Amino acid sequence: MRQDVIDLYDEFTHRGLDRRVFMRRLAELTGGTAAAYAALAALRADPAKAAIVSPDDPRLQAERVMFAGADGRETGGYLVVPADAPAPRGGVVVVHENRGLNPHIEDITRRVALGGLNALAVDFLSPLGGTPADEDRARELIGQLDAAGVVADAAGAIAFLRNRADSNGKVGMVGFCWGGGVVGRVAVTQADLNAGVVFYGIQPPAEQVAAIQAPLLLHYAGQDERINAGIPAFEEALKSAGKTYALHMYEGTQHAFNNDTSEARYDPDAAALAWERTMAFFAEQLG
């Protein structure tokens with residue numbers, strides 16, 4: 001798909017472009033209304049493609065849970081643990097994109113658990129009634145969340161995993177897009193985070209980087225101008241503060257290259273390599 005079409009979609013999904021303006025400009029770029037809707041179908045996530053790991057995979061145990069988030073409020077999550085992996089074991093908090101806790105993120109959570117870790121995907125839209133089925137509505141709600149409350153909910157998820165009887169006390173985080181930015185903010189504020197993995201997320205302010213204690217693994221897409229603009233200052237701050245990190249740039253890929261439900265942006269080779277690196281990193285850091 002043409003880069004200008006992908007860039008326009010990014011403006012719509014991440015910069016608040018009005019939907020009617022987006023569709024008009026998309027029709028202009030693609031040559032008509034029918035072509036615009038066809039392009040949109042290729043760009044949007046397709047829930048039917050989400051189950052790479054079946055929800056009833058016998059190797060896993062999955063359930064809906066509630067835990068104490070910001071100010072003790074009830075926060076929802078999707079917990080998946082290995083059925084037979086030896087305990088104690090590490091845990092991973094999975095942070096969704098700006099579409100909320102959808103089937104794709106649930107599938108990602110199952111993939112983490114298949115690596116022998118306890119995995120908890122948080123529904124950060126819990127304070128607003130939970131993730132809706134309409135992804136456009138989910139994006140609107142994401143914009144209403146309080147940043148401090150999001151970090152506090154993440155801290156509650158970390159505590160939930162760390163305090164389980166089958167935990168070894170080590171907890172990491174992985175986040176995608178909006179969730180990648182959350183991982184950065186949590187790494188700045190939560191000194192007890194044991195590992196952080198960012199997939200194409202906004203970087204924390206350079207002046208806050210010195211507070212980071214967790215080792216970081218950073219995945220970025222080569223064709224992601226909006227996110228990549230912040231890399232130089234972030235990496236310089238990491239180096240100056242002597243932080244432990246690894247940064248990988250996947251040349252030629254688009255933002256959301258790991259999302260296998262988005263036909264136009266998914267890159268199977270980059271996604272496989274990034275996932276291999278992610279699980280090896282968690283194995284090293286979390287045991």
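Okay, before anything else, one term: a pocket is an open set of grid points with protein on both sides within 12 Å along at least five of seven lines, and its lining residues have an atom within 4 Å of a point. Keep that in mind, and keep in mind too that what we have here is a predicted model.

So, pockets. Let's take the second largest one, where helix α1 gives the most to the lining, with 8 residues. The space in this pocket comes to about 260 Å³. There are 16 residues in the lining, and Gln-3, Asp-7, Asp-10, Gln-223 and Glu-225 lie nearest the centre. Besides α1, helix α8, residues 225–228, also supplies at least two lining residues. And what classes of residue line this pocket? By class we get 9 charged, 4 polar and 3 nonpolar.

Now hold that against the cavity. The structure has 1 cavity of 30 Å³ or more, and the volume of the largest cavity is about 50 Å³. Its lining includes Gly-180, Gly-184, Gln-203, Leu-218 and Phe-234. Two elements, α7 (178–189) and β7 (216–223), give two or more residues each, and β7 gives the most, with 3. Here the lining has 7 nonpolar residues, 4 polar ones and no charged ones.

Right, on to the core. In soluble globular proteins, nonpolar side chains tend to be buried together. In our model, the largest nonpolar core has 41 residues, and among those with the most contacts inside it are Val-93, Leu-120, Met-173 and Trp-178. There's also a second, separate core, with 33 residues, including Phe-199, Ala-221, Ala-270 and Leu-286.

Let me pick two residues from the largest core. Leaving out neighbours within four places in sequence, Leu-120 is in contact with a whole list, including Val-65, Phe-67, Tyr-78, Val-93, Phe-160 and Leu-161. The other one is Met-173, which sits in strand β5, residues 167–176. Why do we call Met-173 buried? Because its relative accessible area is 0%, and the cut-off for buried is under 20%. Again skipping residues up to four places away, Met-173 touches Val-92, Ile-158, Val-186, Leu-193 and Phe-282, among others. One distance for you to check on screen: from the C-alpha of Met-173 to that of Ala-191, 18 residues along the chain, is 13 Å.

Nonpolar residues don't have the inside to themselves, though: Asp-107 counts as buried too, because its relative accessibility is 0%. You'll find Asp-107 in helix α4, residues 103–114. So what is the side chain of Asp-107 doing in there? A polar atom of that side chain lies 2.9 Å from the backbone nitrogen of Ile-52, and the backbone nitrogen of Val-53 lies 2.8 Å from a polar atom of the Asp-107 side chain as well.

Asn-98 is another one to click on. Look in the loop between β3 (89–95) and α4. With a relative accessible area of 5%, Asn-98 is buried. Its side chain makes a polar contact of 3.2 Å with the side chain of Arg-99. Farther along the sequence, the contacts of Asn-98 include Thr-13, His-14, Ala-138, Arg-139 and Trp-178.

Two of those names, Ala-138 and Arg-139, take us to helix α5, where both are buried. This helix runs from 135 to 142 and is mostly covered, with 6 of its 8 residues buried. Which helices do those buried residues pack against? They pack against α1 (3–14), α2 (19–30) and α7. At the N-terminal end, Asp-134 is the cap, with a side-chain oxygen 2.9 Å from the backbone nitrogen of Asp-136.

Last bit: some backbone oddities. The peptide bond from Ala-87 to Pro-88 is cis, with omega near 0°, and Pro-88 is in the loop between β2 (74–82) and β3. Then there are two residues that have positive phi without being glycine. Asp-71 has phi near 55°, and Cys-177 has about 60°. Are they buried or exposed? Asp-71, in the loop between β1 (60–68) and β2, is exposed, with a relative accessible area of 84%. Cys-177, in the loop between β5 and α7, counts as buried at 7%.

That's my tour, so over to you for questions.

Conventions: Residues are numbered from 1 along each chain as its sequence is written. This is a predicted model: local features need pLDDT of at least 70, side-chain atom pairs count only at pLDDT 80 or more; totals for chains, interfaces and linings use all residues. Side-chain values use heavy atoms; hydrogens and water are left out. A nonpolar core is a set of buried Ala, Val, Leu, Ile, Met, Phe, Trp, Tyr and Cys residues joined through side-chain atoms within 4.5 Å. Buried means under 20% relative accessible area, exposed over 50%, partly exposed in between (1.4 Å probe, protein chains only). Contact means heavy atoms within 4.5 Å. Helices (H or I, at least four residues) and strands (E, at least two) are DSSP runs, numbered from the N terminus. A polar contact is a pair of N or O atoms within 3.5 Å; within protein, one must be able to donate a hydrogen and the other to accept it, and residues adjacent in sequence count only if both atoms are side-chain atoms. On a 1 Å grid over the protein atoms alone, a cavity is a set of points where a 1.4 Å probe fits but cannot get out, and a pocket is an open set with protein on both sides within 12 Å along at least five of seven lines; lining residues have an atom within 4 Å of a point. Grid points are joined across faces, edges and corners, and a volume is the space filled by probe spheres set on the points. Ala, Val, Leu, Ile, Met, Phe, Trp, Tyr, Cys and Pro count as nonpolar, Asp, Glu, Lys and Arg as charged, and the others, Gly among them, as polar.
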